[in-house]
Amino acid sequence: MSCKRKSFVQNKVDCKKVRLAEEKKPHIPDHMFDLGDGVFIMVNTFLKQTRVHIRVCTIDENGELQPTKAGVSLKPDVYYAFHNKLCAFHGL
């Protein structure tokens, strides 16, 4: 089996997972914003520190969204600076 064939088979499996995930359509809490493809922006406070997370989330067996380790955690001021740079870049 060639590398192209393996890649095609892997993509086909991933498509099945995506379709199954789309069928379940979990409830998205108010503190989360869906960017698509399983990526979410969420805000939380832990030990009096507020963080903005950009994370990949999966759906557990109960149909609830669970954040994974894949992503970043930013302080609000860093997130706002990042967001402003993205907006300036998009405007070019």
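Of the 92 residues in this protein chain, 15% count as buried, where buried means under 20% relative accessible area. Keep in mind as you look around that this is a predicted model. The accessible surface of the chain comes to about 7,800 Å², and 60% of that surface belongs to carbon and sulfur atoms.

Now let us trace the chain from its start. Its secondary structure comes to two helices and four strands. Read along the sequence, these elements follow the pattern α-β-β-β-β-α, with a helix at each end of the pattern and the strands between them.

How are the four strands ordered in the sheet? They form an open sheet in the order β1-β2-β3-β4, and the pairing is antiparallel. The edge strands are β1, residues 32–36, and β4, residues 65–74, each of which pairs on one side only. From one strand to the next, the twist averages 35°.

Let us zoom in on one pair. Strand β3 covers residues 49–59 and runs antiparallel to β4, with seven bridges joining the two. To find a bridge in the model, look for Arg55: its bridge partner in β4 is Gly71.

Next, turn to helix α2, residues 76–90, which packs on the sheet. This helix touches β2 (39–46), β3 and β4, and its direction makes about 65° with that of β3.

Finally, step back to the whole chain and its contacts. Among contacts with a separation of 6 or more, 21% come from residues 24 or more positions apart.

Note on methods. Residues numbered from 1 in each chain as written. Predicted model: local features only at pLDDT ≥ 70, side-chain atom pairs only at ≥ 80, totals over all residues. Heavy atoms only, no water. Pairing = 2+ DSSP bridges. Axes fitted to C-alpha atoms, helices over the stretch in contact; angles between N-to-C directions. Contact = heavy atoms within 4.5 Å. Buried < 20%, exposed > 50% of the residue type's maximum accessible area, 1.4 Å probe, protein only. Areas by Shrake-Rupley, 256 points an atom, 1.4 Å probe, with all protein chains shown as cover.
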